[in-house]
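Here are my notes on the model you sent. They go point by point, with the terms explained where they come up.

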Amino acid sequence: MGESQKFQLGTIGALSLSVVSSVSIVICNKALISTLGFTFATTLTSWHLLVTFCSLHVALWMRMFEHKPFDASSVMSFGVLNGTSIGLLNLSLGFNSVGFYQMTKLAIIPCTVLLETLFFRKKFSRSIQFSLCILLMGVGVATVTDLQLNALGSFLSLLAVLTTCVAQIMTNTIQKKFKVSSTQLLYQSCPYQAITLFIIGPFLDGFLTSRNVFSFAYTPQVLFFIVLSCLISVSVNFSTFLVIGKTSAVTYQVLGHLKTCLVLTFGYTLLQDPFDWRNILGILVAVLGMVLYSYCCTRESQRKASEASQQLPQTKESEVDPLLAMESGTGTGMLGEDGVVQKGPLWNSNKDLHA
């Protein structure tokens, strides 16, 4: 099995794990929050991260992955930024209507595309941009109901979008820059994320719900669902870093909207949640956008792979040609028409398109 096939299988596995684990934790948290009344979402997330760190520490002790320390300031800033973005998203939901909160989540994809285009010189073809527009339109039709604006809520939503985009872009760039795996990055950043949410969680939840997380009545049923949620979160956090590392922040957001459609479909079919033709139409349009996005990414990745394979034999030929090696003094150059040694062609592989 070639490297490209292994990479594609790994990507498919990461995407599948992310979908299954995310939908599972949404169902679990829906029972915990809506049915049992445990509405302390930020504090619950801090517990998720603590359990994730402990699980990874056990895996490290069992030598399931290698600990690779790297720039401490980058890890700390990344972890604090991730924790802050979670708190801001919860604040955005608290100060805005549900419809405006859904619009905030939809804004993450175009904001990510804009940031990557401006600061990382990444190029998104018109076909990919078109498929993303169809996806966002479908999710918007399916989920956005009312749009009630207020100045503070809009400002918090803007901060939430920016911090989320930057954090997810950093997830990808840090793994490439320091050559660390998703597991290694998650293990080192988890403590900073957990500490950030441990500090702000109880205050933020108390402010939004007017209740104290420490005085809540923890029945055996509540404790069971909390433990179950924390265990599932290990898979959610791991698959999040894995997907962004293997693909891109944009692909991860597209996957997130697929999860939204699956959760909505689950609620409509099994839980008998109210729905109408607008919800169904929106889900169908969103799925169409996801299919187009996957198709466009696959075609572009195949095109780039084809271009790279065509250039590879030329480079290898220049490396073994004795005449060129004699003229250049090395085995790595090509002789130009003017007698000047030129380097072999270079190409860049864009891993963001392997979705």
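**Notes on the fold**

1. Of the 355 residues in the protein, 45% are buried. Buried means under 20% relative accessible area, exposed means over 50%, and partly exposed lies in between (1.4 Å probe, protein chains only). This is a predicted model: local features need pLDDT of at least 70, side-chain atom pairs count only at pLDDT 80 or more, and totals for chains, interfaces and linings use all residues. Residues are numbered from 1 along each chain as its sequence is written, and side-chain values use heavy atoms, with hydrogens and water left out.

2. The protein has 12 helices and two strands. Helices (H or I, at least four residues) and strands (E, at least two) are DSSP runs, numbered from the N terminus. Read from the N terminus, the order is α-α-α-α-α-α-α-α-α-α-α-α-β-β. Take contacts between residues at least 6 apart in sequence: 84% of them join residues at least 24 apart. Contact means heavy atoms within 4.5 Å.

3. Next, the cores. A nonpolar core is a set of buried Ala, Val, Leu, Ile, Met, Phe, Trp, Tyr and Cys residues joined through side-chain atoms within 4.5 Å. The largest one holds 21 residues. Its members that touch the most other members are Ile 109, Ile 128, Leu 132, Leu 135, Val 254 and Tyr 293. Four helices each supply at least two residues of this core: H5 (108–120), H6 (126–143), H10 (249–269) and H11 (277–320). Another core, of 18 residues, lies apart from it. Leu 49, Phe 70, Tyr 187 and Ala 194 are among the members of that other core.

4. Helix H6 deserves its own entry. Its 18 residues should span 26 Å at 1.5 Å a residue, and the end C-alpha atoms are 26 Å apart, which agrees. The expected span is 1.5 Å times one less than the number of residues. Buried residues in H6 include Ile 128, Leu 132 and Leu 135. Ser 131, Gly 138 and Thr 143 are also among the buried residues of H6.

5. Helix H2 (residues 41–61) has 21 residues. From first C-alpha to last, H2 reaches 30 Å, close to the 30 Å expected. Its buried residues include Thr 42, Thr 45, Ser 46, His 48, Leu 49 and Thr 52. Just after H2, Arg 63 takes a positive phi of about 60 degrees.

6. Which residues touch Phe 198, not counting residues up to four places away in sequence? They are Ser 46, Trp 47 and Leu 50. Phe 198 lies in helix H8 and counts as partly exposed, because its relative accessibility is 34%. Phe 198 and Thr 45 are 153 residues apart in sequence, yet 8.9 Å apart in space, C-alpha to C-alpha.

7. Two buried serines come next. Ser 233 lies in helix H9 (residues 220–246). Ser 233 counts as buried because its relative accessibility is 1%. Leaving out residues up to four places away in sequence, Ser 233 touches Ile 25, His 48 and Thr 52. Ser 85 sits in helix H3 (residues 72–95) and counts as buried at 4% relative accessibility. With the same sequence neighbours left out, up to four places away, Ser 85 touches Thr 163 and Thr 164.

8. Look also at two loop residues with positive phi. Arg 121, in the loop between H5 and H6, has phi near 55 degrees. Arg 121 counts as exposed, because its relative accessibility is 67%. Ser 210 is in the loop between helix H8 (182–209) and H9, with phi near 60 degrees. At 69% relative accessibility, Ser 210 counts as exposed.

9. Last, the cavities. A cavity is a set of points on a 1 Å grid over the protein atoms alone where a 1.4 Å probe fits but cannot get out; lining residues have an atom within 4 Å of a point. The whole structure has two cavities of 30 Å³ or more. The second largest has a volume of about 30 Å³. Gln 102, Lys 105, Leu 106, Val 139, His 257 and Thr 260 line the second largest cavity. Helix H4 (98–106) and H10 each give two or more residues to this lining. H4 gives the largest share, three residues.

Terms used
On a 1 Å grid over the protein atoms alone, a cavity is a set of points where a 1.4 Å probe fits but cannot get out, and a pocket is an open set with protein on both sides within 12 Å along at least five of seven lines; lining residues have an atom within 4 Å of a point. Grid points are joined across faces, edges and corners, and a volume is the space filled by probe spheres set on the points.
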